Amino acid sequence: IKLALLLILGIFTATLATALGFVQLQRATIRQAGEERKRILLESIARMGEESLLANDPLMLLDQLSRLTKEWPEVHHCRVKLGTTWQEVGGVMPPTPAGGIQTKTVEIPPRLLVEVLFSSAVLAERERKAFEAILDNVILAGSSVMILGLIVSIPLSLSLTQRIVSIEKTL
């Protein structure tokens with residue numbers, strides 16, 4: 001029984017250590033994916049701005065930016081600097097959401113500047129949901145490994161213990 005408990009403890013410890021390492025790696029991956037998503041959006045905005053400059057139509061950019069808040073829940077607000085004046089996309093800037101905002105700026109030479117305000121709460125919620133999904137999977141996999149280890153360790157320890165007992169008896 002002592003050997004079975006040691007085997008079970010070893011399996012539990014190894015599973016727990018592996019799960020914790022995996023969770024930490026995945027947390028970093030989730031953050032990187034969020035940053036990559038923002039980077040792709042900002043690059044898309046830069047292309048929109050370049051197209052509107054080529055067409056000499058700043059309203060085209062404003063129209064496309066107004067759709068962002070509907071399509072991207074994390075985008076709280078956008079505004080564009082046309083020459084020397086700021087143009088709020090969709091009218092007046094809404095109040096700052098709970099949790100604050102993260103501001104990213106896209107410069108589109110020679111004369112456009114776009115500010116994108118991301119809702120920190122929405123970004124954090126998206127990260128939290130992704131992390132919870134990963135955690136659920138890790139718990140399921142870890143539990144399966146621990147149960148399998150428990151099932152295997154008892155017969156294994158009994159067979160190893162029987163050999164030791166039989167050797168003792170012959171001595």
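Here is a conversation between a reader new to this predicted model and its author.

Reader: What should I know before we start with this predicted model?

Author: Residues are numbered from 1 along each chain as its sequence is written, and side-chain values use heavy atoms, with hydrogens and water left out. As the model is predicted, local features need pLDDT of at least 70 and side-chain atom pairs count only at pLDDT 80 or more, while totals for chains, interfaces and linings use all residues.

Reader: Why is the contact between E127 and R31 called a salt bridge?

Author: A salt bridge is a side-chain nitrogen of Lys or Arg within 4 Å of a carboxyl oxygen of Asp or Glu. The N to O distance between R31 and E127 is 3.3 Å, so the pair qualifies. A search of the whole structure finds 11 salt bridges.

Reader: What makes E127 and R31 a link between distant parts of the chain?

Author: E127 sits in helix α3 (residues 120-170) and R31 in helix α1 (residues 2-54), with their positions 96 residues apart in the numbering. The names of these elements follow a rule: helices (H or I, at least four residues) and strands (E, at least two) are DSSP runs, numbered from the N terminus.

Reader: Are E127 and R31 buried, exposed or partly exposed, and how do you know?

Author: Buried means under 20% relative accessible area, exposed over 50%, and partly exposed in between (1.4 Å probe, protein chains only). E127 has 27%, so E127 is partly exposed. R31 has 44%, so R31 is partly exposed too.

Reader: Which residue forms a salt bridge with K38?

Author: The partner of K38 is E35, with the closest N and O atoms 3.1 Å apart. Both residues lie in helix α1, three residues apart, which is about one turn of the helix.

Reader: Why is K38 called buried, and what about E35?

Author: K38 has 5% relative accessibility, which is under 20%, so K38 counts as buried. E35 has 44%, between the two limits, and therefore counts as partly exposed.

Reader: How do you know that R79 and E88 form a salt bridge?

Author: Their closest N and O atoms are 3.6 Å apart, and the limit is 4 Å, so the pair counts. E88 is partly exposed, with a relative accessible area of 22%. Elsewhere, E36, R39 and E43 are linked in a network of salt bridges.

Reader: What can you tell me about the peptide bond from P109 to P110?

Author: That bond is cis, with omega near 10°. P110 lies in the loop between β3 (101-108) and β4 (112-119).

Reader: Where is N56, and why is N56 called exposed?

Author: N56 is in the loop between α1 and α2 (58-71). Its relative accessible area is 57%, which is over 50%, so N56 is exposed. N56 also has a positive phi of about 55°, although N56 is not a glycine.

Reader: What makes an open space a pocket, and what lines the largest pocket?

Author: On a 1 Å grid over the protein atoms alone, a pocket is an open set of points where a 1.4 Å probe fits, with protein on both sides within 12 Å along at least five of seven lines; lining residues have an atom within 4 Å of a point. The largest pocket is lined by 14 residues, and R31, G34, E35, L123 and E127 lie nearest its centre. Helices α1 and α3 each supply at least two residues of this lining.

Reader: How many residues of each class are in the lining of the largest pocket?

Author: The lining has four nonpolar, three polar and seven charged residues. Here Ala, Val, Leu, Ile, Met, Phe, Trp, Tyr, Cys and Pro count as nonpolar, Asp, Glu, Lys and Arg as charged, and the others, Gly among them, as polar.

Reader: What makes the nonpolar surface patch, and why can V152 belong to this patch?

Author: The patch of about 530 Å² is made by I147, L148, I151, V152, L156 and L160. Patches take residues with over 30% relative accessible area and no salt bridge, joining nonpolar side chains (Val, Leu, Ile, Met, Phe, Trp, Tyr) within 5 Å and like charges within 9 Å. V152 has 45%, so V152 passes the 30% limit. V152 lies in helix α3.

Reader: How far apart are L150 and T103?

Author: L150 and T103 are 47 residues apart in sequence and 51 Å apart in space, C-alpha to C-alpha. L150 is in helix α3, and its relative accessible area of 34% makes L150 partly exposed.

Note on methods: Areas by Shrake-Rupley, 256 points an atom, 1.4 Å probe, with all protein chains shown as cover.
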